[in-house]
Amino acid sequence: MTTATQKLEDFQPLSKAANDVKRQFCKECEATRKRYDVRLLGYPISWYENHDGSDTGCEGCFWYNPIEFRKHLVEKIEEEN
Ligand SMILES: [Zn+2]
């Protein structure tokens with residue numbers, strides 16, 4: 001019933017263009033072993049797992065799974081309120 005849920009659903013269908021972008025960014029995550037910092041796009045957190053960002057390359061980054069990212073973001077915002 002929450003607006004958060006509606007937003008997640010709206011976000012779900014990734015276009016081919018979005019998938020191409022995702023692949024490009026995550027190639028870099030894996031190459032550098034450092035996740036893309038999505039704060040650059042205006043999000044309040046960089047990634048949703050392993051917050052020091054030092055280990056697994058892409059896992060937990062926005063582009064790895066935007067839907068999961070949004071879920072964690074909503075949880076974090078709820079925690080802080
Ligand atoms: Zn990535």
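**View 1. Tyr64 is partly exposed, at 39% relative accessible area.** Here, "partly exposed" is the range between buried (under 20% relative accessible area) and exposed (over 50%), computed with a 1.4 Å probe and protein chains only. This is a predicted model, in which local features need pLDDT of at least 70 and side-chain atom pairs count only at pLDDT 80 or more, while totals for chains, interfaces and linings use all residues. Residues are numbered from 1 along each chain as its sequence is written, and side-chain values use heavy atoms, with hydrogens and water left out. Tyr64 sits in the loop between H2 and H3; helices are DSSP runs of H or I with at least four residues, strands are E runs of at least two, and both are numbered from the N terminus. Setting aside residues up to four places away in sequence, Tyr64 touches Lys22, Cys26, Tyr48, Cys58 and Glu59, where a contact means heavy atoms within 4.5 Å. With Lys22, Tyr64 has a C-alpha to C-alpha distance of 7.2 Å, although the two are 42 residues apart in sequence.

**View 2. Four cysteines hold the zinc ion through their SG atoms.** Cys26, Cys29, Cys58 and Cys61 coordinate the zinc ion at 2.2 to 2.6 Å. Donors are N, O and S atoms within 2.8 Å of the metal (3.2 Å for Na, K and Ca), and sites may look incomplete because water is not among the atoms. Along the sequence, the donor residues follow the spacing C-x2-C-x28-C-x2-C. Cys26 belongs to helix H2 (residues 16-32) and Cys61 to the loop between H2 and helix H3 (66-80), so this pair ties together parts 35 residues apart in sequence. Both Cys26 and Cys61 are buried.

**View 3. Is the zinc geometry regular or irregular?** The arrangement is irregular, because the 4 donor atoms subtend angles of 79 to 128° around the zinc ion. If you would like the rule, four donors count as tetrahedral if all angles lie between 85 and 135 degrees; four count as square planar and six as octahedral if opposite donors are over 155 degrees apart and all others between 65 and 115; anything else is irregular.

**View 4. Cys58 is a buried donor, at 4% relative accessibility.** Cys58 lies in the loop between H2 and H3. Beyond its neighbours within four places in sequence, Cys58 makes contact with Cys26, Cys29, Glu30, Arg35 and Tyr64. The C-alpha atoms of Cys58 and Lys34 are 6.8 Å apart, with their positions 24 residues apart in sequence.

**View 5. Gly60 is buried, at 0% relative accessibility.** Gly60 is another residue of the loop between H2 and H3. Which residues does Gly60 contact, leaving aside its neighbours within four places in sequence? They are Arg35, Trp47, Tyr48 and Glu49. From Gly60 to Ser46, 14 residues apart along the chain, the C-alpha separation is 9.3 Å.

**View 6. Arg33 follows helix H2 and has a positive phi, near 60°.** This phi of about 60° occurs although Arg33 is not a glycine. Arg33 is found in the loop between H2 and H3 and is partly exposed, with a relative accessible area of 44%. As for H2, its 17 residues should span 24 Å at 1.5 Å a residue, and its end C-alpha atoms lie 25 Å apart, which agrees. The expected span of a helix is 1.5 Å times one less than its number of residues.

**View 7. Helix H3 buries Pro66, Ile67, Phe69, Arg70 and Leu73.** Seen down the axis of H3, these buried residues fall within an arc of 155°, so they line one face of the helix; the arc is that of the directions from the helix axis to the C-beta atoms. On the face turned away from the buried side, H3 carries the exposed residues Glu78 and Glu79. The 15 residues of H3 reach 21 Å from first C-alpha to last, close to the 21 Å expected.

**View 8. To set the close-ups in context, the chain contains 3 helices and 0 strands.** From the N terminus, its elements run α-α-α. Of the 81 residues in the chain, 30% are buried. Among contacts with a separation of 6 or more, 45% join residues 24 or more positions apart. The chain exposes about 5600 Å², of which carbon and sulfur atoms supply 52%; accessible areas come from the Shrake-Rupley method with a 1.4 Å probe, and for residues only the protein chains shown count as cover.
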